[in-house]
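Here are my notes on the model you sent round. Have it open while you read.

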Amino acid sequence: MAERSLSQIVTDTVRDFRSQVPECIASGWVDMSTGMLLVADTLDDHPSEVLDLLAAATFDLFQGRNVTMIEDIWKQQRGVQSDRHYFQEILINSDNLVHLFMRSASNQDLVAVVVCRRQVNIGMLFAQARMVMKQVEDNSAS
């Protein structure tokens with residue numbers, strides 16, 4: 001089997017999020033090392049400025065100055081020497097949507113973003129999104 005490129009993996013994954021996660025209206029991947037949105041798939045067209053802000057907000061959520069300081073304090077208090085980040089998943093409810101941000105286990109610089117309608121069953125959102133992420137992780141390792 002041919003090895004898939006990172007580009008193909010992220011493109012396939014946003015498609016899988018959209019098809020497998022209930023009420024999913026958008027998904028994408030943010031590269032935390034550059035702060036850039038790698039790929040996005042949405043039901044509606046959004047201005048590039050909005051998508052760029054999504055990438056910047058994702059970076060702030062996971063690796064903003066205050067978040068990094070909290071992680072450093074926890075690591076120091078617990079004697080942890082790892083570069084692994086503590087925050088792996090973040091769920092945000094807005095007036096009309098639910099936003100799930102999930103850090104890749106195999107590449108801490110990648111964060112998946114899944115946006116669903118507010119009526120989504122949160123348990124099913126997590127179950128299906130985690131299943132897609134597990135498939136990504138399993139395929140990345142092989």
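1. Glu23 is partly exposed, at 30% relative accessible area (buried is under 20%, exposed over 50%, partly exposed in between, with a 1.4 Å probe and protein chains only). You'll find Glu23 in the loop between H1 and S1. (Helices, H or I, of at least four residues and strands, E, of at least two are DSSP runs, numbered from the N terminus.) What's the phi of Glu23? About 65°, so positive, although Glu23 is not a glycine. As background, most residues other than glycine have a negative phi.

2. A word on ground rules: this is a predicted model, so local features need pLDDT of at least 70 and side-chain atom pairs count only at pLDDT 80 or more, while totals for chains, interfaces and linings use all residues. Residues are numbered from 1 along each chain as its sequence is written, and side-chain values use heavy atoms, leaving out hydrogens and water.

3. Now the largest nonpolar core (buried Ala, Val, Leu, Ile, Met, Phe, Trp, Tyr and Cys residues joined through side-chain atoms within 4.5 Å). It has 22 residues, and those touching the most other members are Phe17, Val21, Trp29, Leu100, Val114, Cys116 and Leu125. At least two residues each come from H1 (6-20), S1 (24-31), S4 (97-103), S5 (110-117) and H4 (122-141). H4 gives the largest share, six residues. Apart from this core lies another, of 12 residues, including Ile25, Ala55, Phe62 and Val111.

4. Take a look at Val21. Not counting residues up to four places away in sequence, Val21 touches Asp16, Val114, Cys116, Leu125, Gln128 and Ala129 (contact means heavy atoms within 4.5 Å).

5. Met36 sits in strand S2 (residues 36-42). Is Met36 buried or exposed? Exposed, at 51% relative accessibility. Even so, leaving aside neighbours within four places in sequence, Met36 contacts Trp29, Val30, Asp31 and Ala55. Thr58 is 22 residues from Met36 in sequence, and their C-alpha atoms are 9.7 Å apart.

6. Last, the helix pair. The axes of H2 (residues 48-63) and H3 (residues 65-78) come within 6 Å and cross at roughly 25° (axes are lines fitted to C-alpha atoms, for helices over the stretch in contact; angles run from 0 to 180 degrees between N-to-C directions). H2 and H3 are therefore roughly parallel, the term for angles under 35 degrees. Asp60, Leu61, Phe62 and Gln63 of H2 make the contact with Arg65, Val67, Thr68 and Glu71 of H3.

Methods
Parallel < 35°, antiparallel > 145°, perpendicular 65-115°, else oblique.
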